Amino acid sequence: MLRVVAVVLALLVVACSNGTDPTTTSTAPPPSTTTEPGPTTTRGTIPPFVEVTVELSEDGTHIVDAEGMALYRFTLDTDRTPTCLNACAEVWPAFYGDPVAGEGIDQDLLGNGERPDGSIQVTYGGLPLYYYSGDDAPGDTNGHGFNDVWYLVGPDGTALDG
């Protein structure tokens with residue numbers, strides 16, 4: 001969380017500064033400022049803030065990202081520690097960002113956990129959240145019950161029954 005705040009503050013300083021001396025009246029344009037893009041995932045650049053909300057599907061009421069993509073938990077994860085890494089993470093990409101509670105979400109259940117590479121993954125109810133690569137569109141829940149270890153997450157933070 002502190003890392004995210006530091007990055008946001010640094011970006012604000014860069015955005016608010018035009019790189020010129022305010023006591024001069026030069027008409028030359030300010031020097032260009034470039035910033036490196038943020039970390040990327042299989043779903044694109046990691047946004048600084050991500051909204052989590054709920055959706056009703058045939059599987060029950062479960063949490064989704066702001067775009068309506070289903071979020072899952074892995075029953076082998078414990079206490080904010082992700083265990084789906086490497087090849088597993090290609091099929092089950094981590095959900096990254098600084099979470100904000102949307103409609104039906106308990107902000108107290110939202111949090112973050114650090115992955116071995118230092119990236120920060122969103123957690124809910126103390127467990128890391130993932131996408132499923134087999135979900136192509138909002139509303140898809142193709143990963144629910146997968147191998148009896150991947151489940152949609154209810155608004156109370158528990159796994160929905162498979």
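Where is the place of G145? Keep that in mind; the exercises come back to it.

**Before you start**

This is a predicted model: local features need pLDDT of at least 70, side-chain atom pairs count only at pLDDT 80 or more, and totals for chains, interfaces and linings use all residues. Residues are numbered from 1 along each chain as its sequence is written, and side-chain values use heavy atoms, with hydrogens and water left out.

**Exercise 1. Locate G145 and list its contacts.**

Step 1. Find the element. G145 sits in the loop between strand 9 and strand 10 (150-152). Strands here are DSSP runs of E with at least two residues; helices are runs of H or I with at least four; both are numbered from the N terminus.

Step 2. Look for contacts (heavy atoms within 4.5 Å). Leaving aside neighbours within four places in sequence, G145 touches W150 and Y151.

Step 3. Compare sequence and space. G145 and Y72 are 73 residues apart in sequence. Their C-alpha atoms are 9.7 Å apart.

**Exercise 2. Describe the overall layout of the protein.**

Step 1. Count the elements. There are two helices and ten strands.

Step 2. Read them along the sequence. The pattern is α-β-β-β-β-β-α-β-β-β-β-β.

Step 3. Check burial. Of the 162 residues, 38% are buried. Buried means under 20% relative accessible area, exposed means over 50%, and partly exposed lies in between (1.4 Å probe, protein chains only).

Step 4. Check the range of contacts. Take the contacts with a separation of 6 or more: residues 24 or more positions apart account for 62% of them.

**Exercise 3. Work out the sheet that contains strand 8.**

Step 1. Order the strands. Three strands form an open, antiparallel sheet in the order 7-8-9. The edges are strand 7 and strand 9 (127-128), each pairing on one side only.

Step 2. Take the first pair. Strand 7 (residues 110-114) and strand 8 are antiparallel over five bridges. Two strands count as paired if DSSP finds at least two bridges between them. L110 has Y124 in strand 8 as its bridge partner.

Step 3. Inspect the turn. Strand 7 and strand 8 make a hairpin with five residues between them. In the turn, G118 has a positive phi of about 95°.

Step 4. Take the other pair. Strand 8 and strand 9 are antiparallel over two bridges. T123 has P128 in strand 9 as its bridge partner.

**Exercise 4. Find the nonpolar cores.**

Step 1. Apply the rule. A nonpolar core is a set of buried Ala, Val, Leu, Ile, Met, Phe, Trp, Tyr and Cys residues joined through side-chain atoms within 4.5 Å.

Step 2. Name the largest. It has 13 residues, and those with the most contacts inside it are V52, I63, L71, F95, Y124 and L129. Strand 3 and strand 8 (120-124) are the elements that give it two or more residues.

Step 3. Look for another. Apart from it lies a core of eleven residues, among them F74, Y130, Y132 and L152.

Step 4. Zoom in on L129. Beyond four places in sequence, its contacts include I63, L71, F95 and Y124.

**Exercise 5. Is T53 buried or exposed? Describe its surroundings.**

Step 1. Place it. T53 belongs to strand 3 (residues 49-57).

Step 2. Classify it. T53 is buried, because its relative accessible area is 15%.

Step 3. Find the polar partner. A polar atom of the T53 side chain lies 3.1 Å from the backbone oxygen of E103.

Step 4. List contacts. Neighbours within four places aside, T53 meets H62, I63, V64, D65, G102, E103 and I105.

**Exercise 6. Characterise the disulfide.**

Step 1. Identify it. The structure holds one disulfide (a pair of cysteine sulfur atoms within 2.5 Å). C84 and C88 form it, with sulfur atoms 2.0 Å apart.

Step 2. Give its handedness. The angle about the S-S bond is -105°, and the link of C84 and C88 is left-handed.

Step 3. Compare exposure. C84 is buried, because its relative accessibility is 0%. C88 is partly exposed, because its value is 24%.

**Exercise 7. Examine two residues with positive phi.**

Step 1. Recall the rule. Most residues other than glycine have a negative phi.

Step 2. Take N86. Its phi is positive, about 55°, although N86 is not a glycine. N86 lies in the loop between strand 5 (72-74) and helix 2 (87-91). N86 counts as exposed, because its relative accessibility is 67%.

Step 3. Take D148. Its phi is near 55°, again positive in a residue other than glycine. D148 lies in the loop between strand 9 and strand 10. At 60% relative accessibility, D148 counts as exposed.

Notes. Polar contact = N/O pair within 3.5 Å; in protein donor to acceptor, adjacent residues only side chain to side chain.
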